[in-house]
Amino acid sequence: MITFTNILKEYKINNETIVALNNINMHIKKGQLVVLKGASGSGKSTMLSLMASLCKPTSGEVIIKDTKISKLSDNFSSQFRQENIGFIFQKYNLIPNINVIDNIILPLIPTNPNEEFLNTRLKEVMKLFNIEHKKNIIVKNLSGGEQQRVAIARAMINDPDIILADEPTANLDEKLSLSFIQTLKELKALGKTIVVATHDPLFFNLDFVSKTINMKNGNIIDYGNIID
Amino acid sequence: MIKINTYLIEFAINSILREKTKNLFIFIVFTMLIFLLSSIFLITASLQKELNITADSLPDIILQKMNAGRVSDIDINRVDKILEINGVNNSVSRVWGYYYFENAGINFSVVGIDQFETQYKKSLESITLKHDFSELEDFMVVGSGVKKVLEKNYYKDYFNFIKPDGTFKKIQIKAIFDSATNLESNDVILVSKDTAYDIFGINENKATDIVVNVSNKKEVATIAYKIKMLFPDTRVITKEDLKISYTNIFNYKSGMFLSLFIISLFTFFMIIYDKSSSLSSSAKREIGILKALGWKTDDILKEKFYESFLISFTAYIVGIGISFIYVYIFQAPFLRDIFMGYSVLKPQFNLIFAYDLKIFAMIFFLSIPIYISATIFPSWRASIVDADEVIR
């Protein structure tokens, strides 16, 4: 499903080259839930960005669903994301001054969806993530947990096969974090392939996590136990 | 068939409303610019139409005697010699001049007519056919503007002209002059030729000028040349010469305004470009989020296009709408005076309805596409950067 081959990713900041990922080789199967674990700056978020085709590797290949996404043009990358990826960002990346519905439908807007389909899909995700009663509220007026549910609903609106979550519980209390973990379990049960980048210990000994990849300074230091 | 993406348009409208203050400011400035330019062109079109109608009613040729570079009275016996030229339809001597009405601080055009003479223009002909002045010793027919001014100054039925020797000449108002255009009739007072001679103190063997009409309009230039050869001390002005000079005056004035407009429009777009090219971090972030959610660069540009088109096109329509109201309902206060020059010396007149679609097309293409480009280009630059870089 997701394959990284000899991935090198460098960033140039003020004429200085920083290696974010160094010679990464990895494979994630369809339906797995993988946790990328490591301290800040270890390269977890860069791994997710490469999987979502939000950036290109300096060298190496990223293959998802038999598509070499690291070679796709900008427009095809966007289309690939639109069709296959649901991304839950660390800071949610919602548009703060529009309402819940308008935020959730954002990924579908360019596809000019059929109204009936959109309404049905919207109802499904809002119900699934218990946000229906807040649908007309401006997002900046929601609590952190509610904003995260909006972000998850938005990631799910296009019914993606792959869900990527970057530090999803960083801004949540333990109760909400556990609720989010429960949501992930349900999504996995739906057959979604999920990759979570986190350093939250709550994720480390979950029985439904397929594997935990331990990262440090842009390298994978441990592939963890593979459950399925 | 291309299906319009209403969700994208809705999102664009939402985006405009989210930046209410900024977009309202741009809208107001844009509307003002369009309003100003459109008003200028509407005034020009109206005055040109007015002048064309007036010019059409003018005689084909006007003959003025020149003396030391100044216009002086001309011998009326020259009329007979002009009539001998082949192709001349009629020739009439005119007695007319400007009479300054001190109380109101304006000039009237006093024109002498003879009931039994061939009239050189239709409006005068209709007056002489409609009214019989032959029994009256002194009479006057006034334009509506003159009538208003006189009434304001307590002259309801008559007016006292002051002759060059300082004595008064009381003349009864017989009728109101009615003509197709304001400029032609508004400031005019028609009197008998004898009265005109008396008011201006002109010798009865002389006239202010001589007008000539030609049967075949293609021969006007040739006949004008012949007259000039016959009377070298005269200035021969054709109707075409007058039309060109009128057009030149208005083209010059509207050209000046157009230059000013282009400079202000250019400055406006530079400010817009400067503001937009340093897109705020939240605007950049929003573009990054949309990219991360699967929006293509084209989708973002389309959305930005809708945003800028909605603002600029609405401003364009509103600006033009207001200019129509300003020019044709409120009669363009301030701007009209600039175009009319020393119009305070003339009675008030109304701008007649005239417009040129080509001008509106020109304003459209001079403003909207430039504005759209100035706003879209910075968004394009932000959207081609890796989304990862923007949202991190």
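Begin by selecting helix α13 of chain B and colouring its buried residues, which are Ile363(B), Ser367(B), Tyr371(B), Ala374(B), Thr375(B), Ile376(B), Pro378(B), Ser379(B), Ala382(B) and Ser383(B); buried means that 20 or more other C-beta atoms, placed from the backbone, lie within 10 Å of a residue's own. Helices here are DSSP runs of H or I with at least four residues, strands are runs of E with at least two, and both are numbered from the N terminus.

This is a predicted model, in which local features need pLDDT of at least 70 and side-chain atom pairs count only at pLDDT 80 or more, while totals for chains, interfaces and linings use all residues. Residues are numbered from 1 along each chain as its sequence is written, and chains are lettered from A, with ligands numbered from 1, in the order in which they are written.

Staying with α13(B), residues 357-383, follow its 27 residues across 38 Å from the first C-alpha to the last, close to the 39 Å expected at 1.5 Å a residue, where the expectation multiplies 1.5 Å by one less than the number of residues.

Next, select Leu36(A), which is among the residues that touch the most other members of the largest nonpolar core, a set of 106 residues; such a core consists of buried Ala, Val, Leu, Ile, Met, Phe, Trp, Tyr and Cys residues joined through C-beta atoms within 7 Å. Helix α2 of chain B, residues 20-56, gives this core its largest share, 14 residues.

Finally, show the whole of chain A, which has 6 helices and 10 strands, and of whose 228 residues 46% count as buried.

Note on methods. Buried ≥ 20, exposed ≤ 12 C-beta atoms within 10 Å, placed from the backbone.
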